[in-house]
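Here are a few short exercises to work through with the model open on your screen. Try each one yourself before you read the solution.

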Amino acid sequence: MDTIQNFDFLFAAYTILWVIVFGYFFFLTRQLADLRREVNALREERGNDDGASPTGPNS
């Protein structure tokens, strides 16, 4: 009987851990999307005045 109760706590702990991990992953992907939008906006604002490629010098 005690083992089943401990299993319930273990399951709850792993569930909470995975919710936190996926929440952090979602947060990071949103931040990355925002940064990409900002970089693209800055590239458009700058234009190609210096003749550089919009993706960088190594492209």
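**Exercise 1: One acid and its partner**

Aspartate 34 is partly exposed, with 34% relative accessible area. Keep in mind that this is a predicted model.

Task: find which side chain meets aspartate 34 in a salt bridge.

Solution, step by step:
- The cut-off to use is a Lys or Arg side-chain nitrogen within 4 Å of a carboxyl oxygen of Asp or Glu.
- Arginine 37 fits, with an N to O distance of 3.2 Å to aspartate 34.
- Along the chain, arginine 37 and aspartate 34 are 3 residues apart in helix 1, which is about one turn.
- Arginine 37 has 54% relative accessibility, so it counts as exposed.
- For the tally, the structure holds 1 salt bridge.

**Exercise 2: A pair of rings**

Task: work out how the rings of tryptophan 18 and phenylalanine 22 are arranged: stacked, edge-to-face or tilted.

Solution, step by step:
- A pair of aromatic rings is described by the distance of the centres and the angle of the planes.
- The count of aromatic pairs comes to 1.
- In this pair, the ring centres of tryptophan 18 and phenylalanine 22 sit 5.7 Å apart, and their planes make an angle of 35 degrees, so the pair is tilted.
- The cut-offs behind that call are under 30 degrees for stacked and over 60 for edge-to-face.
- Tryptophan 18 and phenylalanine 22 are separated by about one helical turn, because they are 4 residues apart in helix 1.
- As for cover, tryptophan 18 is partly exposed at 48%, whereas phenylalanine 22 is exposed at 53%.

**Exercise 3: The greasy side**

Task: say which residues form the nonpolar patch on the surface, and place leucine 10 in the fold.

Solution, step by step:
- The patch is made of Phe7, Leu10, Phe11, Tyr14, Leu17, Trp18, Val21 and Phe22.
- Together, these residues have about 890 Å² of accessible area.
- Leucine 10 belongs to helix 1, which runs over residues 2-46.
- With a relative accessibility of 44%, leucine 10 counts as partly exposed.

**Exercise 4: The whole chain**

Task: how many helices and strands are there, and what share of the residues is buried?

Solution, step by step:
- The protein chain has 1 helix and 0 strands.
- Of its 59 residues, 2% count as buried.
- The chain exposes about 5700 Å², and carbon and sulfur atoms supply 66% of that.

How values were computed. Residues are numbered from 1 along each chain as its sequence is written. This is a predicted model: local features need pLDDT of at least 70, side-chain atom pairs count only at pLDDT 80 or more; totals for chains, interfaces and linings use all residues. Side-chain values use heavy atoms; hydrogens and water are left out. Helices (H or I, at least four residues) and strands (E, at least two) are DSSP runs, numbered from the N terminus. Buried means under 20% relative accessible area, exposed over 50%, partly exposed in between (1.4 Å probe, protein chains only). Accessible areas come from the Shrake-Rupley method with a 1.4 Å probe; for residues, only the protein chains shown count as cover. Patches are made of residues with over 30% relative accessible area and no salt bridge: like charges are joined within 9 Å, nonpolar side chains (Val, Leu, Ile, Met, Phe, Trp, Tyr) within 5 Å. Rings of Phe, Tyr and Trp (its six-membered ring) pair if their centres lie within 6.5 Å; planes under 30 degrees apart count as stacked, over 60 as edge-to-face and the rest as tilted.
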